[in-house]
Amino acid sequence: MDNRGEHIRHFMLGPYNEGDNVDITCEATGGRPLPRVTWWTGNVMLDDSYERRSERRVQNVLHLHNLTRRDLNSAFTCKASNYEHGTHDIISSVRLELNREYIRP
């Protein structure tokens, strides 16, 4: 979900402006035990601070601060894992759209 709590459409987040702060929320429901919800970019874990929201729901909010041009088209992946034998991670990714700041010459 995006800053407004709305589902992210077409796996594209934004567009946001350079300097903006963005929160992306990933939520998982069900599973026994409840899954561990983490945020990744490529093979690098960004955030593993998920929290239990109810008996059957966990979420993790990724906080992105002061977006820069380097963030344009960055992919952020949420993984829900519970490490039970024979189960697979559930994965969802979003790509960040960004408006560049215009600087007059």
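How many bridges join strand E5 to E6, and do the two run parallel or antiparallel? Three bridges join strand E5, residues 51–54, to E6, and the two strands run antiparallel. Before I go further, please keep in mind that what we have here is a predicted model.

Let me stay with that pair of strands for a moment. The link from E5 to E6 is a hairpin that passes through two residues. Within the pairing, Arg52 stands opposite Val58 of E6, and Ser54 stands opposite Arg57, which is also in E6. E6 has a further partner in E2, to which it is joined by eight bridges, again in an antiparallel arrangement. There, Glu27 stands opposite Gln59 of E6.

Now to the core. The largest nonpolar core holds 19 residues, and among these Ile24 and Phe76 touch the most other members. The elements that supply two or more residues each are strand E1 (12–17), strand E2 (22–29), strand E3 (36–41), strand E6 (57–64), strand E7 (75–81) and strand E8 (90–99). Of the contributors to this core, E2 gives the most, with four residues.

Ile24 deserves a closer look. Leaving aside residues up to four places away in sequence, Ile24 touches Met1, Ile8, Leu13, Trp39, Asn60, Val61, Leu62, Leu64, Phe76 and Val94. Phe76, then, which shares with Ile24 the top place for touching other core members, is itself one of the residues that Ile24 touches.

I turn next to the pockets, which may interest those of you who think about docking grids. The largest pocket has a volume of about 500 Å³, and its lining consists of 27 residues, with Cys26, Glu27, Ala28, Cys78 and Ser92 lying nearest the centre. Two or more lining residues come from each of E2, E3, E7 and E8, and E2 gives the most to this lining, with six residues. Sorted by class, the lining comprises 15 nonpolar, 11 polar and one charged residues. Glu27, which I mentioned as standing opposite Gln59 in E6, is thus also among the residues nearest the centre of this pocket.

The second largest pocket has a volume of about 190 Å³. Its lining is made up of Asp2, Arg4, Glu6, His7, Ile8, Arg9, Met12, Leu13, Gly14, Pro15 and Tyr16, and by class these are five nonpolar, two polar and four charged residues. Ile8 and Leu13 appear in this lining, and both are also touched by Ile24.

To close, let me return to E2, which gives the most to the largest nonpolar core and also gives the most to the lining of the largest pocket.

Definitions and conventions. Residues numbered from 1 in each chain as written. Predicted model: local features only at pLDDT ≥ 70, side-chain atom pairs only at ≥ 80, totals over all residues. Heavy atoms only, no water. Core = buried A, V, L, I, M, F, W, Y, C linked by side-chain atoms within 4.5 Å. Buried < 20%, exposed > 50% of the residue type's maximum accessible area, 1.4 Å probe, protein only. Contact = heavy atoms within 4.5 Å. 1 Å grid on protein atoms, 1.4 Å probe; cavity = no way out; pocket = protein on both sides within 12 Å on 5 of 7 lines; lining within 4 Å. Points joined across faces, edges and corners; volume = space filled by probe spheres on them. Nonpolar A, V, L, I, M, F, W, Y, C, P; charged D, E, K, R; others polar. Pairing = 2+ DSSP bridges.
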